[in-house]
There are 2 protein chains.
Amino acid sequence: MNLKGYLSAKKKIVDSKLDKYMPKETEYPQIIHEAVRYSVFSGGKRLRPILMLAAGEIFLQEERILLPAACAIELIHNYSLVHDDLPAMDNDEYRRGRLTSHKKFGEDIAILAGDALLTIAFEILSEEVKDSKLALRVINLISKAIGTFGMIGGQVVDISWDKDKAELPELEFVCTHKTGALIAVSLRIGAVLSGATKREEEALYEYGKLIGIAFQVKDDILDEKLDREKGFNYPAFLGIEESKKRAEDLINKALVKLDGFGKRADILRQIAKFIIKRKE
Amino acid sequence: MNLKGYLSAKKKIVDSKLDKYMPKETEYPQIIHEAVRYSVFSGGKRLRPILMLAAGEIFLQEERILLPAACAIELIHNYSLVHDDLPAMDNDEYRRGRLTSHKKFGEDIAILAGDALLTIAFEILSEEVKDSKLALRVINLISKAIGTFGMIGGQVVDISWDKDKAELPELEFVCTHKTGALIAVSLRIGAVLSGATKREEEALYEYGKLIGIAFQVKDDILDEKLDREKGFNYPAFLGIEESKKRAEDLINKALVKLDGFGKRADILRQIAKFIIKRKE
């Protein structure tokens, strides 16, 4: 299967569903709806929802069952980006080649847009996932993955690290929590919503954790080549060559987790390999 | 029944449950857990959870059934306060006589603490409300009440108003959305979790909407007496005397909504009257 074609087809499906779920820009108060749409429709790769859909394909689950949760995960990812970009956090002016939300709409609206994206995610989960018990389980898994013991915890450590004292364990904590938790839970939910066994769910979750860290290590390598963001990253601790080896090692371990799934997991295998091959 | 005693007894119960639900300050990363606890345990009146519990008493519902949602609502209220206080929003340095979260912990941690409070609220709702269908309904009602067509929408209009052009309808929008939506949904959820009929649920929801506006009008009157916050408030549009009349009128309408509930709604009647009598 052609990975590029697969990613672009799935991105279209996710984008179209997101468009249906998101309030229109003409609805009052317009500025907040402009702001949430501005961030969501800004050329993201939709990696997390696509991973969820690809996990569902292993079990031949219908896509429509997975799409609400896939969209919710993407909104949560975007909420985290909007808040991370704020002046009080990373103070980024551009993302994906466009002004960040607070540069475009002001800091107050950007804070509220992030809040709104998180809130809409839970609204979708509570309304569109049809099986009540599964919906609740998904809401619980997500709220744990993005809370103070997950994504928020990772961001806290990321902004609080002391340049003179930070060690590899802190970096690994940030990496597994800030980036890894949401990626891993996307795969887990793909399994949960497809009626996977506990064992299958666990294997996909582990695969997700491993590719999540590899994704961050690769990001750090690409950033290092662009001479950005010196300091608290893998190349700074391990050097470029050792970081590359680490990323490859993580991907190999991730591939092993897919061993029980046969050919239907080929897309997940290709995505794993793509994570370390990508040039941007 | 003695209202003061009732409020203080219920506050204790809510506080004790909140303490059980909130992560300990010793848990890593400590600073975020200190920050969320700092905001939640800062002398709040617990009005919203108490309203929910009082609604449940009409139907003789067991308190333990209502407490998880009551605590979640209080966490959401606190998330909204932490974000509203931020420099980019109201830029408040003190709340309830103590430094605001961003003055105490820094703006970055305050943003994340707000995010965390919202996230923990959904975690509690998905884990502690035992009936799956009701839990989902409650999550849906809350996410709508606090989204861009509810509380966030109210805050957006509040920060975007144009001093020269704002009219009473905008103020009423802010009031019903920013303050009113969360109060109203608290009462509605009290009914939903107690197996109330649609009609009873609607009556309590309407009562909640009316006391929510009255609460804000009274707040504006108290602020005006302290010579704070001139401008976008009821006394500025209506004058003090007319504002007082408006608040009384709203409370009288709210009391009518309770007519079908007999003596078991006496606490809600007393709370309604207290809202316009209070001196702070």
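**Notebook: helix 8 of chain B, the A–B contact, and the helix 6/helix 7 pairs**

I began with helix 8 of chain B, whose buried residues pack against helix 2 and helix 6 of chain A, and also against helix 4 (63–85), helix 7 and helix 9 (168–192) of chain B. I note here that the model is a predicted one.

How many residues of helix 8 of chain B are buried? I found eight of its 10 residues (the helix runs 151–160) buried, and I put this helix down as mostly covered. I listed them by name: Met151(B), Ile152(B), Gly153(B), Gly154(B), Gln155(B), Val156(B), Val157(B) and Asp158(B).

**Chain A against chain B**

I next looked up the contact between the chains, where 40 residues of chain A meet 40 residues of chain B. On the chain A side, I found that helix 2 (30–40), helix 6 (107–128), helix 7 (132–145) and helix 8 (151–160) each give at least two residues. Which helix of chain A supplies the largest share of that side? I noted helix 6 of chain A, with 13 residues. I then sorted the chain A side by class and got 21 nonpolar, 12 polar and seven charged residues.

**Helix 6 and helix 7 in chain A**

I looked at how helix 6 of chain A lies against helix 7 of chain A. Their axes come within 8 Å and cross at roughly 160°. I therefore entered helix 6 of chain A as roughly antiparallel to helix 7 of chain A, since an angle over 145 degrees counts as such. The crossing of helix 6 of chain A past helix 7 of chain A is right-handed. From helix 6 of chain A, I recorded Phe122(A), Leu125(A) and Ser126(A) in the contact, and from helix 7 of chain A, Ala135(A), Val138(A) and Ile139(A). By class, I have five nonpolar residues, one polar and no charged in this contact.

**Helix 6 and helix 7 in chain B**

I turned to the pair in chain B. Helix 6 (residues 107–128) of chain B packs on helix 7 (residues 132–145) of chain B at about 160°, and their axes are 8 Å apart. I therefore wrote helix 6 of chain B down as roughly antiparallel to helix 7 of chain B. Helix 6 of chain B makes a right-handed crossing with helix 7 of chain B.

Which residues of the two helices meet? I found Phe122(B), Leu125(B) and Ser126(B) of helix 6 of chain B against Ala135(B), Val138(B) and Ile139(B) of helix 7 of chain B. I counted five nonpolar, one polar and no charged residues in the contact of helix 6 of chain B with helix 7 of chain B.

Definitions and conventions:
Residues are numbered from 1 along each chain as its sequence is written. Chains are lettered from A and ligands numbered from 1 in the order in which they are written. This is a predicted model: local features need pLDDT of at least 70, side-chain atom pairs count only at pLDDT 80 or more; totals for chains, interfaces and linings use all residues. Two residues are in contact if their C-beta atoms, placed from the backbone, lie within 7 Å. Helices (H or I, at least four residues) and strands (E, at least two) are DSSP runs, numbered from the N terminus. Ala, Val, Leu, Ile, Met, Phe, Trp, Tyr, Cys and Pro count as nonpolar, Asp, Glu, Lys and Arg as charged, and the others, Gly among them, as polar. Axes are lines fitted to C-alpha atoms, for helices over the stretch in contact, and angles run from 0 to 180 degrees between N-to-C directions. Angles under 35 degrees count as roughly parallel, over 145 as roughly antiparallel, 65 to 115 as roughly perpendicular and the rest as oblique. A crossing is left-handed if the near helix is turned anticlockwise from the far one by less than a right angle, and right-handed if clockwise. A residue is buried if 20 or more other C-beta atoms lie within 10 Å of its own, exposed if 12 or fewer, and partly exposed in between; C-beta atoms are placed from the backbone.
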